Amino acid sequence: MTEDMKRAVVLLSGGLDSSTVLGMATRDGYACTALSFRYGQRHTVELERAATVAAHFGAAHRVIDINIGSFGGSALTDESMVVPTDGTEDGVIPPTYVPGRNTVFIAVGLSLAEAIDAERVFLGINAVDYSGYPDCRPEYLAAYQTLADLATKAGLEGRGAVLTAPLAEMTKADIVREALAVGVPIDVTWSCYQGGEEPCGVCDSCRIRDKALIEAGRPDLATTYAQAQL
């Protein structure tokens, strides 16, 4: 990284969407710091994958421990809750919603961005394929930007980080195409809600991802379960 490069923080879960955003930000000339969280999720496979993706794009990588999962209330953090496999339902917030997760993550991302003088905080949120998540909507992000501009020294000085979600209105298949275009190692990314050696192929996240991979012409990158159904 040279001194005159523009800086960005990229919230990186290790999944397809956030990895694509990291690729896009790198392509656009940002010196990226990838930020991941150990938040009490069921497994840490995604953190291992995030480290690999960050290295692939030459990004610095930081992992923050903030155990909001200890509060419970989500199938992604509470092992007494069942991870759904029967698809999402319009107008219903799924049990995989983690209370306040994006709000907490963005706050930490803004803190890091201000500390390193980053111009943007990139997010992999998507409002099209995930029905019911309140913290993936454009109006949520716009409201958060207003708060960020009021709540930070950089914001008050007119140089606050801009919250940027380039995938917000894209279909999942289009995200796959973008991932291929920017060189994301899709086979390395992890979107499954479960841990294990291989993605389960039946949780909602796997199903959405597999459908998009098949629509985008890359069924070879789908889970073993999805390939068996073809």
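Start by selecting glycine 183: setting aside neighbours within four places in sequence, you will find this residue in contact with His56 and Phe57. What you have open is a predicted model, so treat each stop as a look at that prediction.

**Stop 1: around glycine 183**

Colour the loop between α6 (172-182) and α7 (204-215), since that is where glycine 183 sits. Is glycine 183 buried, partly exposed or exposed? With a relative accessibility of 32%, glycine 183 counts as partly exposed, because that class covers values from 20% to 50%. Now add serine 80 to the selection and draw a distance between the two C-alpha atoms. Glycine 183 and serine 80 are 38 Å apart in space, with their positions 103 residues apart in sequence.

**Stop 2: the whole chain**

Zoom out and switch to a cartoon. The chain holds eight helices and five strands. Following the sequence from its start, you will pass through the pattern β-α-β-α-β-α-β-α-α-β-α-α-α. Along the principal axes, the C-alpha atoms fill a box of roughly 55 × 35 × 30 Å. How does the radius of gyration of the chain fit that of a compact globule? For 230 residues such a globule would have a radius near 17 Å, and the chain agrees because its own value is 17 Å.

Try a surface view next. The accessible surface of the chain comes to about 10600 Å², and carbon and sulfur atoms account for 52% of that area. Of the 230 residues, 49% are buried. If you display contacts, take those between residues at least 6 apart in sequence: 72% of them join residues at least 24 apart.

**Stop 3: the sheet**

Hide the helices and look at the strands. They form an open sheet of five strands in the order β3-β2-β1-β4-β5, with parallel pairing. Which strands are at the edges? Select β3 (60-65) and β5 (162-164), each of which pairs on one side only. Turn the view to look across the sheet, and you can follow a twist that averages 25 degrees from one strand to the next.

Now zoom in on β1 (residues 6-11) and β4. These two strands run parallel and are joined by three bridges. To see one of the bridge pairs, select valine 10 and its partner in β4, phenylalanine 122.

**Stop 4: α3 and the cores**

Bring α3 (101-116) back into view. This helix lies across β1, β2 (30-38), β3, β4 and β5, and it runs at about 160 degrees to β1.

Next, show side chains. The largest nonpolar core has 34 residues, and those with the most contacts inside it are Val9, Leu11, Ile106, Leu110 and Val121. Among the elements to colour here are β1, β2, α3 and α4 (138-151), each of which supplies at least two residues of this core. Which element gives the most? That is α3, with five residues. There is another core to pick out apart from this one: it has 32 residues, including Leu22, Phe57, Ile175 and Val184.

Go back to valine 121 for a closer look. Leaving out residues up to four places away in sequence, valine 121 touches Val9, Leu11, Gly109, Leu110, Ala113, Ala161, Val162, Leu163 and Thr164.

**Stop 5: aspartate 117**

Move on to the loop between α3 and β4 (120-122), where aspartate 117 is found. Check its backbone: aspartate 117 is not a glycine, and yet its phi is positive, at about 60 degrees. For context, most residues other than glycine have a negative phi. Aspartate 117 is partly exposed, with a relative accessible area of 46%.

**Stop 6: two buried loop residues**

Select threonine 96, in the loop between β3 and α3. Threonine 96 is buried, since its relative accessible area is 1% and the cut-off for buried is under 20%. Show what surrounds it: beyond residues up to four places away in sequence, threonine 96 touches Ser74, Ala75, Leu76, Pro84, Tyr133 and Tyr193. A distance line from threonine 96 to alanine 75 will span 5.0 Å between C-alpha atoms, with the two residues 21 apart in sequence.

Finish at methionine 170, in the loop between β5 and α6. Buried or exposed? At 18% relative accessibility, methionine 170 counts as buried. Add asparagine 126 as the last selection: the C-alpha atoms of these two residues are separated by 7.1 Å, although methionine 170 and asparagine 126 are 44 residues apart along the chain.

Definitions and conventions. Residues are numbered from 1 along each chain as its sequence is written. This is a predicted model: local features need pLDDT of at least 70, side-chain atom pairs count only at pLDDT 80 or more; totals for chains, interfaces and linings use all residues. Side-chain values use heavy atoms; hydrogens and water are left out. Helices (H or I, at least four residues) and strands (E, at least two) are DSSP runs, numbered from the N terminus. Buried means under 20% relative accessible area, exposed over 50%, partly exposed in between (1.4 Å probe, protein chains only). Two strands pair if DSSP finds at least two bridges between them. Axes are lines fitted to C-alpha atoms, for helices over the stretch in contact, and angles run from 0 to 180 degrees between N-to-C directions. Contact means heavy atoms within 4.5 Å. The radius of gyration is taken over C-alpha atoms; the globule rule is 2.2 Å times the number of residues to the power 0.38. Accessible areas come from the Shrake-Rupley method with a 1.4 Å probe; for residues, only the protein chains shown count as cover. A nonpolar core is a set of buried Ala, Val, Leu, Ile, Met, Phe, Trp, Tyr and Cys residues joined through side-chain atoms within 4.5 Å.
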